[in-house]
Amino acid sequence: MGGKAFGNFGGSGRERARRRGQGQLEAQVLAALHHSPGPVTAAWVQERLGGDLAYTTVMTILSRLHAKQAVTRERSGRAYVWTPAADEAGLAALRMRRVLDGEPDRDAVLTSFVSALSAHDEQLLRTLLDRDAADGPGPAESLPTTDDLTTADDLAGAEEPHAAPAPGRHHPSAEARGG
């Protein structure tokens with residue numbers, strides 16, 4: 001019945017539960033699920049969290065994570081068994097998409113995000129977009145390609161047609177002009 005406890009903080013159970021915020025509880029539940037041998041019950045998660053949370057609290061957190069599409073569930077008798085929907089990188093991407101979806105001006109958010117990328121991150125993003133475009137039709141069709149968007153600086157200057165590239169950035173159009 002033992003096992004590794006995730007997030008045992010000392011003090012009484014009620015004091016520990018009060019000290020943890022929703023985000024922290026979600027992270028601890030996800031950590032427990034990532035360390036699980038497969039689909040597990042809420043009782044299994046509760047035990048791994050040190051048993052100091054009420055079963056209903058664990059169920060609430062799991063239900064919230066399910067609503068956020070961070071976990072999946074399926075019936076097993078009268079209970080559900082829970083599985084993380086993605087690895088930690090996938091969950092971070094899901095959070096990023098959720099933030100983007102909640103913004104009224106997606107273009108401005110993406111412009112700001114891309115223009116702040118490091119040269120390495122910009123090249124990685126470019127490579128991923130190129131790979132998606134090469135894979136054929138699908139969701140990637142709606143994403144800009146390097147033909148549509150030469151650099152992050154082009155994105156940043158999209159509303160200012162005469163914007164110059166950021167210092168230290170390579171601008172491919174400079175090559176076309178012989179620069």
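**Notebook: helix 4 and the second largest pocket**

I started on helix 4 and looked for its open face: Thr56 and Ala67 are exposed there, on the other side of the helix from its buried residues. Worth keeping in mind throughout: I'm working from a predicted model.

Next I looked up which residues of helix 4 are buried. They are Val58, Ile61, Leu62 and Leu65. Why do they end up on the same side of helix 4? Because they cover an arc of only 95° around the axis. That goes with a general rule: an α-helix has 3.6 residues a turn, so residues three or four places apart point the same way.

Then I checked the length. Helix 4 runs over residues 55-67, which makes 13 residues. From first C-alpha to last I get 18 Å, close to the 18 Å expected at 1.5 Å a residue. Just past the helix I noted Gln69, which follows helix 4 and has a positive phi, near 65°.

Leu65 turned up again when I moved on to the second largest pocket. There, Leu65 is among the residues nearest the centre, along with Ala27, Leu30, Leu91 and Arg95. I count 14 lining residues in total, around a space of about 250 Å³.

Which elements give two or more residues to that lining? I find helix 2 (22-34) and helix 5 (88-101). Helix 2 has the largest share, with six residues.

Last, I sorted the lining of this pocket by chemistry. Seven residues are nonpolar, five are charged and two are polar. So for my notes, Leu65 goes down twice: as a buried residue of helix 4, and as one of those nearest the pocket centre.

Methods. Residues are numbered from 1 along each chain as its sequence is written. This is a predicted model: local features need pLDDT of at least 70, side-chain atom pairs count only at pLDDT 80 or more; totals for chains, interfaces and linings use all residues. Side-chain values use heavy atoms; hydrogens and water are left out. On a 1 Å grid over the protein atoms alone, a cavity is a set of points where a 1.4 Å probe fits but cannot get out, and a pocket is an open set with protein on both sides within 12 Å along at least five of seven lines; lining residues have an atom within 4 Å of a point. Grid points are joined across faces, edges and corners, and a volume is the space filled by probe spheres set on the points. Helices (H or I, at least four residues) and strands (E, at least two) are DSSP runs, numbered from the N terminus. Ala, Val, Leu, Ile, Met, Phe, Trp, Tyr, Cys and Pro count as nonpolar, Asp, Glu, Lys and Arg as charged, and the others, Gly among them, as polar. The expected span of a helix is 1.5 Å times one less than its number of residues. Buried means under 20% relative accessible area, exposed over 50%, partly exposed in between (1.4 Å probe, protein chains only). The arc is that of the directions from the helix axis to the C-beta atoms.
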